[in-house]
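Dear colleague,

I am handing over the structure we spoke about, and I would ask you to keep it open while you read. My notes on what was found in it follow below.

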Amino acid sequence: MEDQIRFQDSKVLIFKLGQVEYGVHINQVVSIERMQTLSITPYPNRPLHVLGMTKIRNAVTPIVDIRAALTGESLQKTDVTRIVIVRVYDKEIGLVVDAATDVLELPPESIDYTNLLETKEVSYLLGVSKLENRLVILLDIEKLLEDTTNLDELKEMIESYITSKEAIES
């Protein structure tokens with residue numbers, strides 16, 4: 001029930017993976033970055049959907065290919081490919097998406113919370129917003145990252161990178 005209240009009368013960032021539109025609560029979004037302007041440093045011994053890390057506004061940020069995490073298919077970069085920086089448990093994580101399309105305020109009556117989405121395998125699906133001629137799948141980004149990515153491992157990856165960088169610079 002708490003998840004339902006979370007999306008009522010609130011704004012969501014809409015992003016695309018292929019032709020499917022997803023929405024995340026705008027309060028979790030820090031920024032949207034053009035993928036082409038960022039240099040991603042690969043990190044050894046990581047899951048395939050964790051692309052590596054980059055530096056954004058002087059913070060080291062892990063980058064996750066969210067399509068690969070959800071579907072196993074790697075993202076094909078284009079001019080509209082974006083990195084959505086989200087804050088999860090006081091950590092900033094970059095999610096690579098096909099496109100970040102818009103920010104919408106969802107009317108409560110447009111959101112369908114079905115019991116079908118409350119299974120253990122897809123605990124990160126909160127519901128579906130039915131708008132005029134489109135459907136937006138609403139995600140709990142914290143649960144999604146917990147289910148698909150080891151957040152503690154990402155934190156360790158960042159700390160290890162920062163420590164090794166400091167050692168090289170001293």
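A good place to begin is Tyr22, which counts as buried because its relative accessibility is 13%, the cut-off for buried being under 20%. Please keep in mind that this is a predicted model, and that each value here was computed from it.

What does Tyr22 pair with? The structure holds one aromatic pair, and in that pair Tyr22 and Phe15 are stacked, with 5.6 Å from centre to centre and 20° between the planes. Both numbers are useful, since a pair of aromatic rings is described by the distance of the centres together with the angle of the planes. Phe15 also counts as buried, and its relative accessibility is 3%.

Now for the chain as a whole. The protein chain contains four helices and eleven strands, and of its 170 residues 45% count as buried. About 9,500 Å² of the protein chain is exposed, and carbon and sulfur atoms supply 48% of that area. If you take the contacts between residues at least 6 apart in sequence, 58% of them join residues at least 24 apart.

Next come the strands, which in a sheet pair through backbone hydrogen bonds, either parallel or antiparallel. Six strands make up an open sheet with mixed pairing, and reading across it gives the order β8-β1-β2-β11-β10-β9. The edges are taken by β8 and by β9 (111-112), each of which has a single partner strand, so one side of each is left without a neighbour in the sheet. At the β8 end, strand β1 (residues 10-17) and β8 run antiparallel and are joined by seven bridges; to find one of them on your screen, look for Leu13, whose bridge partner in β8 is Val103.

Strand β7 deserves a separate look, because six of its seven residues are buried, which leaves the strand mostly covered. Which way does β7 run against β5 and against β6, parallel or antiparallel? With β5 the two strands run parallel and are joined by three bridges, and Val64 has Leu95 in β7 as its bridge partner. With strand β6 (residues 82-88) the direction is antiparallel, and seven bridges join the two, while Arg87 has Glu92 in β7 as its bridge partner. The hairpin of β6 and β7 has two residues between the strands, and in this hairpin Tyr89 takes a positive phi near 50°.

The last topic is charged side chains. How many salt bridges does the structure hold? There are five salt bridges, and I describe some of them here, with the places in the chain that they connect.

In one of them, the side chains of Arg134 and Glu21 meet at 2.8 Å, N to O. Arg134 belongs to strand β11 (residues 134-139) and Glu21 to strand β2 (residues 20-25), so the pair ties together parts that are 113 residues apart in sequence. The two partners are covered to unlike degrees: Arg134 is partly exposed, with a relative accessible area of 24%, whereas Glu21, at 11% relative accessibility, counts as buried.

Another salt bridge is formed by Glu33 and Arg57, whose closest N and O atoms are 3.0 Å apart. This pair links distant parts of the chain, 24 residues apart, since Glu33 sits in strand β3 (residues 29-34) and Arg57 in the loop between β4 (50-56) and β5 (59-65). Are Glu33 and Arg57 buried or exposed? Glu33 counts as buried at 16% relative accessibility, while Arg57 counts as exposed at 52%.

Asp98 and Arg67 form a further salt bridge, with 2.2 Å between the closest N and O atoms. Here Asp98 lies in the loop between β7 (91-97) and β8 (99-106) and Arg67 in helix α2 (residues 66-71), and the pair links these distant parts of the chain, 31 residues apart. Asp98 is buried, with a relative accessible area of 11%, and Arg67 is buried as well, with 14%. Finally, salt bridges that share partners join Glu21, Asp102 and Arg134 into one network.

With best wishes

Methods:
Residues are numbered from 1 along each chain as its sequence is written. This is a predicted model: local features need pLDDT of at least 70, side-chain atom pairs count only at pLDDT 80 or more; totals for chains, interfaces and linings use all residues. Side-chain values use heavy atoms; hydrogens and water are left out. A salt bridge is a side-chain nitrogen of Lys or Arg within 4 Å of a carboxyl oxygen of Asp or Glu. Buried means under 20% relative accessible area, exposed over 50%, partly exposed in between (1.4 Å probe, protein chains only). Contact means heavy atoms within 4.5 Å. Accessible areas come from the Shrake-Rupley method with a 1.4 Å probe; for residues, only the protein chains shown count as cover. Rings of Phe, Tyr and Trp (its six-membered ring) pair if their centres lie within 6.5 Å; planes under 30 degrees apart count as stacked, over 60 as edge-to-face and the rest as tilted. Two strands pair if DSSP finds at least two bridges between them.
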